[in-house]
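Hello,

Here is the structure I promised to pass on. Please have a look at it, and then read on for my notes on its aromatic rings.

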Amino acid sequence: MALETLEFSLPSADAPNREAMSHPTLVGVVGSGNCELLLTTGGPSGQFSAAVETSALGFAPIWRAVLDDFAGSHAAGGLRAEIHDVGATPAVVALRLGQAYERLSQRPQQEAAHD
Amino acid sequence: MTSLLEATARQRLEGLLDPSSLDSLIPLTEPQRSPHLALLGLPAAQEDGVSLARGSLAGRPVLAAAQEGGFLGGAVGEVHGARLVGLLRLALQERPAAVLLVWESGGVRLHEANAGLIAVSEVMSALLDCRLAGIPVIGLVGGSGGCFGGTGLLARCCSALVMSEEGRLGMSGPEVIETVHGVEEFDSRNRPLVWQVTGGKVRALLGEADALVNDRLEEFRQATIQLMLSPSIRQPLSREAIRAEWRLLVARRALLEGCRSGEEVSERLGLPSPAALALLTAEEYQAATADARARLAGLQAPWEEASWSSEPPRELEALQAVAALRLDSLGLLFAHPVEAFTDGSFQVQAICAGRPVAVMGVLEGAAVDGAMALRMVDQMLLLADRFPGRPLLMLLDTQGQALRRAEELMGLNASMALLAKAVKSLRAAGHLTVSLVTGRAVSGGYLCTGMLAERAFALEGAEVSVMNLPAMSRITKIPLERLEALSRESPVFAPGSHNYARMGHLEAVWSGAEAATRLAEVMATGEARLTAACDLRAVRGLQRGGRTQTAAVVERILGPAAA
């Protein structure tokens with residue numbers, strides 16, 4: 001039994017209110033078919049970075065595809081995602097990314113812990 | 001999100017507390033994760049499955065925690081437990097209007113075995129310290145995983161409980177009982193039966209839950225506010241309160257003897273069957289059962305009618321002989337015969353190092369059932385009344401809690417939690433409390449007795465454990481060979497007193513030859529050296545290198561004011 005840890009850095013347009021998005025958001029649950037995702041600011045401009053810890057081994061290319069898709073369709077430059085995964089499907093991962101991003105953008109003044 | 005059942009832990013806290021009042025104590029970017037799960041190839045969660053918050057409830061300051069049932073069944077591991085301990089000790093400092101604890105858990109996290117058991121014990125100790133200080137601790141139970149095992153005990157240590165019909169509360173899960181005693185004892189796949197024995201409605205009927213609500217966060221919130229504002233909830237836990245609860249549980253056990261299901265309970269109370277009551281909302285159910293509940297709450301019964309046991313009776317003479325042998329080997333002087341009971345428990349007044357000591361215990365690996373727990377509570381209350389300040393020595397050789405459907409229905413977790421309250425109450429009254437594991441000490445049976453002693457010891461060869469490895473393998477789905485290997489490599493898994501010493505729970509392990517001398521040294525101190533609100537096990541575990549996270553996690557939550 002082992003855990004796989006993966007690190008990605010993908011180009012992405014800078015998040016527009018990066019300075020105002022100063023509070024991290026945590027979504028999801030570390031449960032079967034699910035994942036927990038922590039989204040923070042303070043990363044380098046123009047890059048969306050992600051660290052993945054997963055018990056589902058050998059899916060690096062799929063992670064890259066999902067994260068790349070997110071980085072391309074969202075202004076996520078300067079953001080960082082930390083993901084703790086127990087076999088979530090690409091759809092669930094994309095959902096969590098979207099939820100966290102929406103939450104982070106909507107409530108810049110308050111700590112956004114959700115779902 | 002309106003349903004508590006469907007909400008995550010964080011959503012539950014957001015739904016319960018006043019809007020925009022929630023702050024999560026530790027920044028979410030600061031992980032407090034399990035150090036033990038990577039070994040099993042499992043990712044750890046940022047908050048180790050329990051979310052914490054400071055906030056307000058109806059404008060009053062509260063501290064709150066919610067277990068995440070979706071992460072390893074909400075079970076309690078080292079860091080998870082430490083976070084709860086930190087919250088409860090913070091409550092002792094800040095004296096909020098209440099501590100809210102949303103329970104959803106299977107109990108001790110088997111993936112962390114020994115560390116999990118000690119963690120549950122530390123939470124229990126801290127929670128009871130809050131009770132002794134008059135800080136209301138309100139439990140909420142309504143998640144799909146229910147509240148079982150060690151957390152079933154913790155829930156019943158709370159000042160009050162709010163449950164929904166969907167919630168379940170008990171000591172041992174039906175699957176565990178079925179595995180050990182067969183499907184006749186408890187068919188875990190019979191959902192109506194499971195809910196008739198452990199569900200919110202039957203718990204409200206018996207008075208285990210103080211409030212029954214529909215599965216809406218807003219209803220949980222309102223019920224919690226009402227409880228928080230009730231004057232009696234601020235009363236510090238007292239011997240009088242323990243005695244009153246004892247009378248209640250004795251009367252319940254007497255009245256419901258022979259009942260093994262909600263059907264039989266309904267019949268005995270003159271109520272319509274559970275099926276007829278099934279479709280009622282919470283308010284309708286409470287209205288329909290109001291008279292029955294009031295009757296149960298006011299019932300009195302003599303102890304003899306409640307002393308029935310779920311386990312086959314043992315031979316008294318043999319028990320007395322075993323007890324006498326054990327007491328002799330420990331250098332204790334006492335008058336024969338030892339007062340023994342057919343369920344395997346015993347008590348005796350003895351002399352150790354020239355000082356009187358009350359000795360209570362369990363022999364021959366007997367199981368702790370409701371009657372044994374209630375008898376021991378009575379003995380501890382009498383000890384405090386008749387012999388103020390006399391030390392208590394608990395000698396333990398038990399297989400843990402009785403795994404019986406009838407016991408679950410009676411509220412085994414309630415009786416065992418009452419035993420835990422009695423031990424802490426003795427400590428608060430200045431009695432030195434010492435425990436010694438002489439044979440086996442398993443899970444719940446040890447949690448509510450020896451683990452709460454100020455000074456805990458074990459004999460060489462004694463086995464302290466959570467669960468046998470094959471059962472652990474079945475529940476966690478981790479291959480048995482892997483668990484066996486881990487038992488050799490990791491102190492977290494191997495049953496055994498030396499691991500519990502290294503992890504800081506046991507002060508020391510004694511060989512048979514030195515036990516009498518060591519015990520005399522301990523008893524010579526004669527009085528409790530520590531206040532009840534002082535649990536040094538985390539610090540000891542850190543010093544000995546067996547449990548390295550707990551102390552740091554607790555300190556971090558307490559912040560700059562950490563003691």
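**Rings and their partners**

In this predicted model, the charged end of Arg375(B) is placed over the ring of Phe341(B), at 4.1 Å from the ring centre. Chain B offers another arrangement of this kind: Arg390(B) lies over the face of Phe387(B), 3.8 Å from the centre of the ring.

Now for rings that meet rings. Counting over all chains, the structure holds four aromatic pairs. One of them is formed by Phe70(A) and Tyr101(A), which meet edge-to-face, with 5.9 Å from centre to centre and 80 degrees between the planes. This pair links distant parts of the chain: Phe70(A) belongs to helix α1 (residues 60-73) of chain A and Tyr101(A) to helix α2 (residues 90-106) of chain A, and the two are 31 residues apart. Phe70(A) and Tyr101(A) are both buried.

In chain B, you will find Phe457(B) and Trp510(B) as a stacked pair, 4.3 Å centre to centre and with 25 degrees between the planes. Phe457(B) is in strand β14 (residues 455-459) of chain B, while Trp510(B) is in strand β16 (residues 508-510) of chain B, so their pairing ties together parts that lie 53 residues apart in sequence. Here too, Phe457(B) and Trp510(B) are buried.

One more thing to look up in chain A: which residues join Phe48(A) in one aromatic cluster? They are Phe70(A) and Tyr101(A), the residues of the edge-to-face pair described above.

Enjoy exploring it, and best wishes

Key: Residues are numbered from 1 along each chain as its sequence is written. Chains are lettered from A and ligands numbered from 1 in the order in which they are written. This is a predicted model: local features need pLDDT of at least 70, side-chain atom pairs count only at pLDDT 80 or more; totals for chains, interfaces and linings use all residues. Side-chain values use heavy atoms; hydrogens and water are left out. Rings of Phe, Tyr and Trp (its six-membered ring) pair if their centres lie within 6.5 Å; planes under 30 degrees apart count as stacked, over 60 as edge-to-face and the rest as tilted. Helices (H or I, at least four residues) and strands (E, at least two) are DSSP runs, numbered from the N terminus. Buried means under 20% relative accessible area, exposed over 50%, partly exposed in between (1.4 Å probe, protein chains only). A charge sits over a ring if NZ of Lys or CZ of Arg is within 6 Å of the ring centre and within 35 degrees of the ring normal.
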